[in-house]
Amino acid sequence: MDTNFRNPESPIMVDEIFMRRCIEIAKNGQGSTAPNPSVGAVIVHENRIIGEGFTSAYGGPHAEVNAIRSVKERHLLSKSTLYVTLEPCSHFGKTPPCANLIVENKIPKVVVGLKDPHDKVAGRGIETLKKAGCSVTVGILEKECREHHRRFLTFHEKKRPYIILKWAETADGFVSPGKELRHSDPEPYWITNTYSRQLVHKWRSEEQAILAGTNTVLEDNPKLDTRLWNGRPPIRLIIDRELKIPKGFHVLDGKQPTIIYTSIKDKYKSIQKIDYQYININSNLILELSKNLYVRNILSVLVEGGAKTIQGFIDENLWDEARIFVGKNVFKKGIKAPILQGELVQEKYILNDHLKIIRNDKKYHI
């Protein structure tokens, strides 16, 4: 990397330019780093990028390590600035503390997007750097860094996963056709086009888990994988209170990690390679799910249906983002699409499919 930014208008503007680069490269790790955040780091000497890196897949080196390792002119580190989207860690986990590595390499200046809310960091990384004599600036493009790290921040600040609701509805507002149509023709009824479906598989690769209910599985027999996109498949979360889903269905094939939430304690229906989690049938299912996923270190969940399951999250106001496709075809009758209110932050067309992305402006705190 040899990118040079000359004649800067101001130091703040230059800091923002390099922080934007950090955010850009941090996206490369999305979907593979959880439960760690996908961080981006850039090392700059005299307005020239001499090294950069993003967080490796979980268990591998962090962004700062990869950025430092990428620098060919090692003698320049002691005269450079390290930019990073999130505060460098200060504790031993799968890897040694990044703050210590920065100090060891005598990098004199560090620019941080935002503090890490993780209770094992929470300002300690910045403190380590300052005690070693590093000049530390915090809060450059903080809003943009929070947006990028919204899954990690939601998990640690609200003690729950970041929850994305996704569904497709017809032009007349149905997510599924009537039963009589399904009985006469049991094939899947696609509302969206192939490009939209590929985008959904990309989304799946970016989230740690995907959730579906019993009826959706029984009616559609989905795989809930990423076969249309080159990415890591998410953990499958299936709500099956009474273990109605029979052997032979895709979600029980053991090809990717799967958790079945059930109120049946007997193990006689258990299937090898499937993780069964007991839930109290009289409890608030949505809240119990959220708390269990927090304990399991699951940072984000893509809820793909069906309408009853999605409506449960809406009724509890326990969601962060909704991604809604509206197709051009009509069913005339069937299962109505969920209804929610929030802030429309993006909309676009994918051929004839209309995609709307809505953020929850009244977020639930557990």
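Is Cys22 buried or exposed? Cys22 is buried, with a relative accessible area of 0%. That is my starting point for today, and I should say at once that this is a predicted model.

Staying with the cysteines: the sulfur closest to that of Cys22 belongs to Cys145, and at 7.6 Å it is too far away for a bond. A disulfide would need the two sulfur atoms within 2.5 Å. Cys145 is in no disulfide. Seen from Cys145, the nearest cysteine sulfur is that of Cys22. Cys145 is buried as well, with a relative accessible area of 0%. For the model, the disulfide count comes to 0.

Next, the salt bridges. The count here is 18. I will go through three of them.

The first on my list is between Asp225 and Arg227, where the closest N and O atoms are 2.4 Å apart. Asp225 has a relative accessible area of 15%, so it counts as buried. Arg227, at 48%, counts as partly exposed.

Then there is Arg236 with Asp253. Their side chains meet in a salt bridge at 2.7 Å, N to O. This pair links distant parts of the chain: Arg236 sits in strand 10, residues 235-239, while Asp253 is in the loop between strand 10 and strand 11, and the two are 17 residues apart. How accessible is the arginine, Arg236, in relative area? The value for Arg236 is 0%, which means buried. Asp253 is partly exposed, at 33% relative accessibility.

The last of the three joins Arg359 and Glu321, at 3.2 Å from N to O. Arg359 lies in strand 17, residues 353-359, and Glu321 lies in strand 14, residues 321-326, so this salt bridge ties together parts that are 38 residues apart in sequence. On accessibility, Arg359 is at 17% and is buried. Glu321 is at 2% and also counts as buried.

Which residues are linked with Arg359 and Glu321 in a network of salt bridges? They are Glu147, Arg150 and Arg323. If you have the structure open, that network is a good place to stop and look.

Now Glu206. This residue lies in helix 8, which covers residues 194-206. Glu206 has 17% relative accessibility; the cut-off for buried is under 20%, so Glu206 counts as buried. What does Glu206 touch, not counting residues up to four places away in sequence? The answer is Gln30, Gly31 and Arg151. There is also a polar contact between the side chains of Glu206 and Lys202, at 2.5 Å. For a sense of scale, take Glu206 and Leu76: they are 130 residues apart in sequence, and their C-alpha atoms are 35 Å apart in space.

On to Asn292, which is in helix 10, residues 285-295. Asn292 is buried, with 14% relative accessible area. Leaving aside neighbours within four places in sequence, Asn292 is in contact with Tyr261 and Gln277.

I will finish with the backbone, where there are three items to point out.

The peptide bond from Ala34 to Pro35 is cis, and its omega is near 10 degrees. Where is Pro35? Pro35 is in the loop between helix 1, residues 11-26, and strand 2, residues 40-45.

Lys273 is not a glycine, yet its phi is positive, near 75 degrees. Lys273 is found in the loop between strand 11 and strand 12, the latter being residues 275-278. With a relative accessible area of 65%, Lys273 is exposed.

Asn297 also has a positive phi without being a glycine, in this case about 60 degrees. Its place is in the loop between helix 10 and strand 13, the strand being residues 300-303. Asn297 is partly exposed, with a relative accessible area of 38%.

To recap the main points: the model has 0 disulfides and 18 salt bridges. Glu147, Arg150, Glu321, Arg323 and Arg359 form a salt-bridge network. The bond from Ala34 to Pro35 is cis, and phi is positive at Lys273 and at Asn297.

Methods
Residues numbered from 1 in each chain as written. Predicted model: local features only at pLDDT ≥ 70, side-chain atom pairs only at ≥ 80, totals over all residues. Heavy atoms only, no water. Helix = DSSP H or I, 4+ residues; strand = E, 2+ residues; numbered from the N terminus. Buried < 20%, exposed > 50% of the residue type's maximum accessible area, 1.4 Å probe, protein only. Contact = heavy atoms within 4.5 Å. Salt bridge = Lys/Arg side-chain N within 4 Å of Asp/Glu carboxyl O. Polar contact = N/O pair within 3.5 Å; in protein donor to acceptor, adjacent residues only side chain to side chain.
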